[in-house]
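Colleague: Could you take me through one part of this chain slowly, please? I am in my first year, so please explain each term as you go.

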Amino acid sequence: MNIAQPATIYRDAYTAFDYVLEKLDLDFQLLEEKAIVTAKGRYRKNPAALHKARSPLVLFGENLELLAISVDGQNLQEKNYRIDDTKLELENLPDTFTLP
């Protein structure tokens, strides 16, 4: 088994997150062969962020299947998000919003 060594990150390399998670509700359905997790989060643009322009919200995760995604109750169009094996990136978000 090959375990990658973590990279060193120095404090002066840190910046404020572009978004602040104000509230998070998680619902877990534990089934025999899988778990279904539903997350509802309230986000807002971080006024302390260095990126003042519209930057994407990046959510990291592995071995996940996206079943549905919406912003403020409206289904998100495919042009407004990207998904790969390690992350989900959401574009064109309002200053405050709720997922899902």
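Modeller: Happily; here is a close look at asparagine 80 and its surroundings, with the whole chain as background.

This is a predicted model, in which local features need pLDDT of at least 70, side-chain atom pairs count only at pLDDT 80 or more, and totals for chains, interfaces and linings use all residues. Residues are numbered from 1 along each chain as its sequence is written, and side-chain values use heavy atoms, with hydrogens and water left out.

Let us start with the background. The chain has zero helices and eight strands; here helices (H or I, at least four residues) and strands (E, at least two) are DSSP runs, numbered from the N terminus. Its average pLDDT, the predictor's confidence in each residue from 0 to 100, is 88, and 96% of the residues score at least 70. Among the elements, strand β1 (residues 19-30) has the highest mean pLDDT, 95, and strand β3 (residues 57-60) the lowest, 91. The C-alpha trace spans about 45 × 45 × 25 Å along its principal axes. Of the 100 residues, 23% are buried, where buried means under 20% relative accessible area, exposed over 50%, and partly exposed in between (1.4 Å probe, protein chains only).

Now for the part itself. Asparagine 80 sits in the loop between β5 (74-75) and β6 (81-83). Is asparagine 80 buried or exposed? Asparagine 80 counts as buried because its relative accessibility is 12%. Leaving out residues up to four places away in sequence, asparagine 80 touches Glu89, Leu90, Glu91 and Asn92; a contact means heavy atoms within 4.5 Å. With asparagine 92 there is also a polar contact of 2.7 Å between the two side chains. A polar contact is a pair of N or O atoms within 3.5 Å; within protein, one must be able to donate a hydrogen and the other to accept it, and residues adjacent in sequence count only if both atoms are side-chain atoms.

Follow one of those neighbours, glutamate 91, which lies in the loop between β7 (87-90) and β8 (96-99). Glutamate 91 is buried because its relative accessible area is 18%. Its side chain makes a polar contact of 3.0 Å with the side chain of arginine 82. Beyond its neighbours within four places in sequence, glutamate 91 is in contact with Pro56, Asn80 and Arg82, which brings us back to asparagine 80.

For another buried residue, look at tyrosine 43 in strand β2 (residues 35-45). Tyrosine 43 counts as buried because its relative accessibility is 11%. Its contacts, apart from neighbours within four places in sequence, include Leu57, Leu59, Thr96 and Phe97.

Two other loops make a useful comparison. Asparagine 63 is found in the loop between β3 and β4 (70-71), and counts as exposed because its relative accessibility is 80%. Aspartate 72, in the loop between β4 and β5, is partly exposed because its relative accessible area is 42%. Phi is positive at asparagine 63, near 55°, and at aspartate 72, about 50°. Most residues other than glycine have a negative phi.
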